[in-house]
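Here is a short tour for anyone who likes to read a fold from the inside out. Have the sequence and the structure at hand as you go.

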Amino acid sequence: DAITIVRDVSGRIRLIVEIKFGVALEGLAECQRAKDELKLKLEDYFGGIEFLTIKETRSDKIILDLIAKTRQKREAPPGSPCSQWYLLERRLSKNSWFEKQNPPWPLPTLQKPAPLIASFYSFKGGVGRTTALAAVAINLSRVGKRVVIIDLDLEAPGLGSLMQGRTTYGALDYLFEHPVLGRAETLDPYCSLQTEQKFILTGEAIRVIPAGVLNEEYIEKLSRLNFLTQQQDNGGSVASALSDLLIQCRDAFGAEYILLDARAGIHDIGGLALHGMSHVNILFGRASPQSYEGYSLILPELGRLNVQQGEDAPLCLPVHAFAPPAGDQNRETEIENFRSTIYDLFVNNYYPSEDDIPDINDSEAEHFPSVLSWNPSLARFTDLTDVVEYLTQGEYSDLAERLAGIRGDSLSRRQSSP
């Protein structure tokens with residue numbers, strides 16, 4: 001009736017064959033041959049074949065229900081007498097990089113306005129990702145946009161202190177408490193207002209949700225986050241908690257932009273933010289082999305979402321970080337090489353079909369990198385106000401403009417807020 005391939009946490013593979021109660025195993029000899037062949041090829045990594053009877057006994061029903069909730073449909077092998085094949089992967093972590101997620105609401109449009117959720121991500125740290133997020137938030141706030149920024153870099157938080165956000169609790173507390181308390185009655189204890197004139201001028205205050213208070217309880221809370229189950233309909237999962245946090249930011253603050261500072265590398269919270277929780281993924285990298293390897297690793301997964309989710313798949317915008325500054329003799333060569341390499345990676349790993357591949361020089365296409373040049377003052381500042389004027393012009397302003405354009409906004413015109 002159905003066959004499920006199970007790969008356990010050690011990589012061993014076994015088959016679960018579902019049969020109807022009372023049906024003779026006419027293919028028992030064939031199953032034995034398959035078992036012998038799999039044992040020969042997989043050796044110690046073959047865990048055997050188990051038969052489950054489709055019968056309304058309590059034990060059978062519990063086992064089959066558990067299997068059905070976690071397995072994924074797969075195409076039947078050619079010539080297989082069974083048409084129903086499934087794969088069940090048992091993992092200890094990183095489920096968020098494999099399981100499909102959906103943003104709490106669709107990509108906003110002019111006809112259906114809503115907050116735009118953008119994740120700022122880098123495969124390697126130290127590329128100016130958090131500073132760029134702060135710059136985009138400031139640029140948007142200065143033209144009257146309501147912006148919420150959330151520090152999801154829980155293992156190495158810094159956005160809160162960068163934006164001078166001091167709160168009683170933070171994003172970690174919300175995610176940790178959610179399985180017990182559900183949605184918070186108010187986000188006030190988790191959120192601070194950045195109203196300093198040097199930041200926003202006469203614009204909107206920026207709402208800052210830091211990772212949390214770095215005290216003796218912080219690591220204890222972090223160690224208890226449940227990343228094993230990612231489905232948003234599971235109230236005990238981090239996915240469900242993050243989805244509710246985003247919904248509350250939309251409803252309580254009237255947010256127009258929600259910017260997430262995602263953990264660098266292949267981390268659970270980064271996968272959760274990138275793989276569908278956001279409408280836009282801003283992917284930072286340098287012109288280096290390490291960054292290109294990172295792009296080649298994550299773009300196939302994000303491209304897979306393009307096929308699975310169609311128009312709801314997150315947009316991906318690359319950023320060329322630490323490009324040589326204006327006047328450097330290597331600037332144009334590096335920018336051209338970065339653009340060419342990223343284009344090839346998008347063509348081979350991200351765009352769903354040949355019909356969807358734009359021209360390499362199409363500056364409106366997803367693959368076309370935004371450029372953020374190296375500036376030594378950004379490596380030395382201790383207070384963001386010391387560099388805020390640099391962050392609100394030129395390339396950083398262009399990045400904010402690009403993000404605003406996805407929502408149908410523009411930095412060149414100020415819209416009054418209610």
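## Around L162

Leaving aside residues up to four places away in sequence, L162 touches T130, T131, A134, F381 and L384. This is a predicted model, so please read each contact in that light. One of these partners, T130, sits 32 residues from L162 in sequence, and the two C-alpha atoms are 8.5 Å apart in space.

L162 belongs to helix α4, which covers residues 159-162. Is L162 buried or exposed? L162 is buried, because its relative accessible area is 16%, under the 20% cut-off.

## The protein as a whole

Stepping back, the protein has 14 helices and 13 strands. Of its 418 residues, 49% are buried. The exposed surface comes to about 20,500 Å², with carbon and sulfur atoms supplying 49% of that area.

Contacts reach well along the chain, too: of those between residues at least 6 apart in sequence, 72% join residues at least 24 apart.

## The open sheet

How are the 8 strands of the open sheet ordered? They run β8-β9-β7-β10-β6-β11-β12-β13, with mixed pairing. At the edges are β8 (192-194) and β13 (370-373), each of which pairs on one side only. Neighbouring strands in this sheet are turned by 25° against each other on average, ignoring direction.

Strands of a sheet pair through backbone hydrogen bonds, in either a parallel or an antiparallel sense. The pair formed by β12 (residues 315-323) and β13 is parallel, with 4 bridges. Within β13, L372 is the bridge partner of A321.

## Helices across the strands

Helix α3 (residues 129-142) lies across β6 (116-122), β7 (147-151), β9 (206-209), β10 (257-261), β11 (280-285) and β13. Its direction is at about 170° to β10.

Helix α8 (residues 238-253) lies across β6, β7, β9 and β10. Relative to β7, helix α8 runs at about 155°.

## The cysteines

How many disulfides does the model contain? The count is 0. Why does C191 not bond to its closest cysteine? The sulfur of C191 is 7.0 Å from that of C249, the closest cysteine sulfur, and therefore too far for a bond; a disulfide needs the two sulfur atoms within 2.5 Å.

As for burial, C191 counts as buried because its relative accessibility is 13%. C82 is buried as well, with a relative accessible area of 11%.

Methods: Residues are numbered from 1 along each chain as its sequence is written. This is a predicted model: local features need pLDDT of at least 70, side-chain atom pairs count only at pLDDT 80 or more; totals for chains, interfaces and linings use all residues. Side-chain values use heavy atoms; hydrogens and water are left out. Buried means under 20% relative accessible area, exposed over 50%, partly exposed in between (1.4 Å probe, protein chains only). Two strands pair if DSSP finds at least two bridges between them. Helices (H or I, at least four residues) and strands (E, at least two) are DSSP runs, numbered from the N terminus. Axes are lines fitted to C-alpha atoms, for helices over the stretch in contact, and angles run from 0 to 180 degrees between N-to-C directions. Contact means heavy atoms within 4.5 Å. Accessible areas come from the Shrake-Rupley method with a 1.4 Å probe; for residues, only the protein chains shown count as cover.
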